[in-house]
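Here is a short set of questions and answers for a first look at a structure. Each answer sets a value against its definition.

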Amino acid sequence: MRELESDQLSITPVADEVRSVQFDLDCHVIEGEENLVLQFNYNTDLFDAATIERMLMHYERVLQAVVADPEVRIDDIDLLSAQERAEQLERFAGERGDYPREATIAGLFAEQVARSPQAVALSYGERELSYAELDAASNAVAQRLLSLDLAVGDAVGVLLERSAEMVIAWLGVLKAGGAYVPLDPDYPAARLEYMVKDAGATLVLSDAALPSRLPGAGVTFVDVLSLEGSAEPVARAVAALDAAYIVYTSGSTGEPKGVVVPQRGVVRLVKETDYLQLGAADRVAQGSNASFDAATFEVWGSLLNGGCLVGIPREV
């Protein structure tokens, strides 16, 4: 700012290092004669000077990129300098985990079947299924989906109560190359229909009693309970970055939003972890609502490590 003078008064800007702020962080852009002056005011209880300087440097990189190409998308601009990128990738990354990056859920499950076919995979009340029996039941689901021309990556709704059939359906969808969409039968019909249409699902795995929960969805229902197990394996070629499932947010801030989770995301969550070791001796409780992402760890953490998944009834 320039000095201001009149006949009786001279006004000179004073540089003050500390001032009161109205917000935890705000930005002032002051237009000079030949340039812009950018200033951040910040709460020193929350930020230090180095953080603010880094923010200013990133903002400067954005401005430079926009001047160079006014059509550039903001989210395509690289904020990090070469030094910062090296720090993020090397200094702050820690030790790299050695997990099967290119593996798929169905592929890892097949390895468990070959390793211990008679071990108990599912325990829901009085009902128990071995790995071989779960494999056969999910093969039948996958074969039925393939007969309906399911393409790799297609969304398939799974409208089932928490049960062995729910797990069979999830695994069958993955074997067929699809992405399962968990649908809680207790959700309002309007929400279920929205999720099915938003995900683009035209097939829904269910049982004969539940299609009435989706009266206007215009989908093809497949009764999982009517399918007989098959020893004929299904080995649809899928990649680690192909979709495994689509889970929806609560919708508390608007319409529910579907999050597409890739196969690799699930594998990274449950294989070769440093926070929890799971193995054949473990029994894992499946107590989460199927439409809640915690069920991912329960189901696949158990089945991809040779454990036994124990279903906890909803009332418990």
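**Reading the labels**

The side chain of Ser302 comes to 3.5 Å from the backbone nitrogen of Cys308. This is a predicted model, where local features need pLDDT of at least 70, side-chain atom pairs count only at pLDDT 80 or more, and totals for chains, interfaces and linings use all residues. Residues are numbered from 1 along each chain as its sequence is written, and side-chain values use heavy atoms, with hydrogens and water left out.

Q: What makes the Ser302 and Cys308 pair a polar contact?
A: A polar contact is a pair of N or O atoms within 3.5 Å; within protein, one must be able to donate a hydrogen and the other to accept it, and residues adjacent in sequence count only if both atoms are side-chain atoms. The side chain of Ser302 reaches the backbone nitrogen of Cys308 at 3.5 Å, so the pair meets the distance limit.

Q: Why is Ser302 called buried?
A: Buried means under 20% relative accessible area, exposed over 50%, and partly exposed in between (1.4 Å probe, protein chains only). Ser302 has 1%, so it is buried.

Q: Which residues does Ser302 touch, not counting those up to four places away in sequence?
A: Contact means heavy atoms within 4.5 Å. Tyr131, Leu278, Val284, Phe297, Gly307, Cys308 and Leu309 are touched by Ser302.

Q: Why is Cys27 called partly exposed, and Cys308 buried?
A: Cys27 has a relative accessible area of 41%, so it falls between the two limits. Cys308 has 5%, so it counts as buried.

Q: How many disulfides are there?
A: A disulfide is a pair of cysteine sulfur atoms within 2.5 Å. By this rule the count is zero.

Q: Where does Ser291 lie, and why is it called buried?
A: Ser291 is in the loop between strand E13 (283–286) and H8. Helices (H or I, at least four residues) and strands (E, at least two) are DSSP runs, numbered from the N terminus. The relative accessible area of Ser291 is 8%, so it is buried. Its side chain reaches the backbone nitrogen of Asp184 at 3.3 Å.

Q: How do you know that the buried residues of H3 line one face?
A: In H3 (residues 105–115), Ile105, Ala106, Leu108, Phe109, Gln112 and Val113 are buried. Seen down the axis, they fall within an arc of 160°, so they line one face of the helix. The arc is that of the directions from the helix axis to the C-beta atoms. Exposed Ala114 and Arg115 sit on the face turned away from the buried side.
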